[in-house]
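Q: Could you take a close look at one part of this protein with me? I would like to see how that part fits in with the rest.

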Amino acid sequence: MTTLQKRPTALFLPSRSLVRDGGAVPTSGGLLGGREWVVPRGECQYRQHDFSQLPARRRRAAARLAVPRFEPAPGARVHIAWQQGIAHYWIWMPGEDGDDQVDYRRWLPESRLYAPPLDSGARLLRVSQGVEGQIWHEGRLQASQWWPEPPDLPVWQRFLRGGGLGLADVVAVPGAQRMEWSETPWGESGGRLAIDAVMAERLAWWSIAFALLFAVGWQVTALLRWNAAVESGAVRLEQVRKKAEPLLDARERAESAAGKIEDLLALQQAASSDYRLMLEVFSLLPEGTQMTSWSREPGKLRLTVASPEADPRRFILPFIEAAWLPDVTATPTGKGGMLLEFELAGSATDEVKE
């Protein structure tokens, strides 16, 4: 029967189940934890070896070299866990009941899922198959023995004696404890780069936090650089504007002067056209005629002349024949004077200008 544990919170915690669980529900893990097989303690042989005399960098290689000494037969699988310089070996022989058809690359012994006791001494655990006796000293496993049923007192005493414990106060076999599986196996894995689920999740969250901080920092830096560029551009624009103010003032003065010049030229052209119109009109008057007054309004021209001719037709016919000022009236004013009034059309004015 599988010992169920609490629902894990670690994202990388694997889902665990016994290699032959009889249809029991496996323990649920995190989304990225995958699946891990748990081999019952009753199917494993346990050995340990002290490599603390070797340098730390050579211990793992020495432990792998020592594996053939513990293998009961070719094809056995060995799981190694470390506590300081002590190597713990669990040897498992798969292949029974179709085990060779299942991928058991990720497996670990059931004993590693029971948390070490807080105090040194012996304990008897109820495992998935039978019971397991353990002797611990200062958090390190010193001895382990499996029985299909709880041992009697002599067998238990021999186990304690083999683990280096005294028998003075041992008068009965302790009751078998039932414990839940721990999320993190005790000891260090045999792989150099292996890390437990909690550490993997911690690294993952730290990596995500670092990536978010990096992205936020990148955006903040870009925003600060943008603000600095905007402020620098505003300063440069103000400097250019100050330098351009004299040029803009000079341009405005030049445009104003150009407007005044155009007005003066317009006045000059208007005066020139009046003089020309006066000359053209005077050339058609009868001989001996003198101009006494000249008045021009929009669309109308009046002039008063003194002439020995008293017949108004002599003043009208020349302009009708000229055909450019046909709308003319002549009114005698007495004493040899004559008032001439002309209706100026646009065409007549343009002809005079041409």
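In which helix is W205 found?

A: Happy to walk through this one with you. Please keep in mind that the model is predicted. W205 is found in helix α4, which covers residues 197-283. On the surface, W205 joins I208 and L212 in a nonpolar patch, and together the three have about 330 Å² of accessible area.

Helix α4 also has a part in the interior. The largest nonpolar core has 15 residues, and α4 supplies at least two of them, as do β12 (300-306), α5 (313-322), β13 (328-334) and β14 (337-343). Within this core, V281, L340 and F342 are the residues with the most contacts. F342 makes a good place to zoom in: setting aside neighbours within four places in sequence, F342 is in contact with V281, G299, K300, L301, L303, F319, L325, D327 and V328. There is also a second, separate core of 13 residues, and W90, W92, W107 and W136 are among them.

Now a word on confidence. The protein chain has an average pLDDT of 81, and 81% of the residues score at least 70. Among the elements, strand β8 (residues 131-137) has the highest mean pLDDT, 94, while helix α6 (residues 346-353) has the lowest, 47. The pLDDT is below 50 over residues 1-8, a stretch with 30 contacts in the model beyond near neighbours in sequence. Residues 347-354 are below 50 too, and that stretch has 12 such contacts.

Note on methods:
Residues numbered from 1 in each chain as written. Predicted model: local features only at pLDDT ≥ 70, side-chain atom pairs only at ≥ 80, totals over all residues. Heavy atoms only, no water. pLDDT = per-residue confidence, 0-100. Helix = DSSP H or I, 4+ residues; strand = E, 2+ residues; numbered from the N terminus. Contact = heavy atoms within 4.5 Å. Patch = residues over 30% accessible without salt bridge, like charges linked within 9 Å, V, L, I, M, F, W, Y side chains within 5 Å. Areas by Shrake-Rupley, 256 points an atom, 1.4 Å probe, with all protein chains shown as cover. Salt bridge = Lys/Arg side-chain N within 4 Å of Asp/Glu carboxyl O. Core = buried A, V, L, I, M, F, W, Y, C linked by side-chain atoms within 4.5 Å. Buried < 20%, exposed > 50% of the residue type's maximum accessible area, 1.4 Å probe, protein only.
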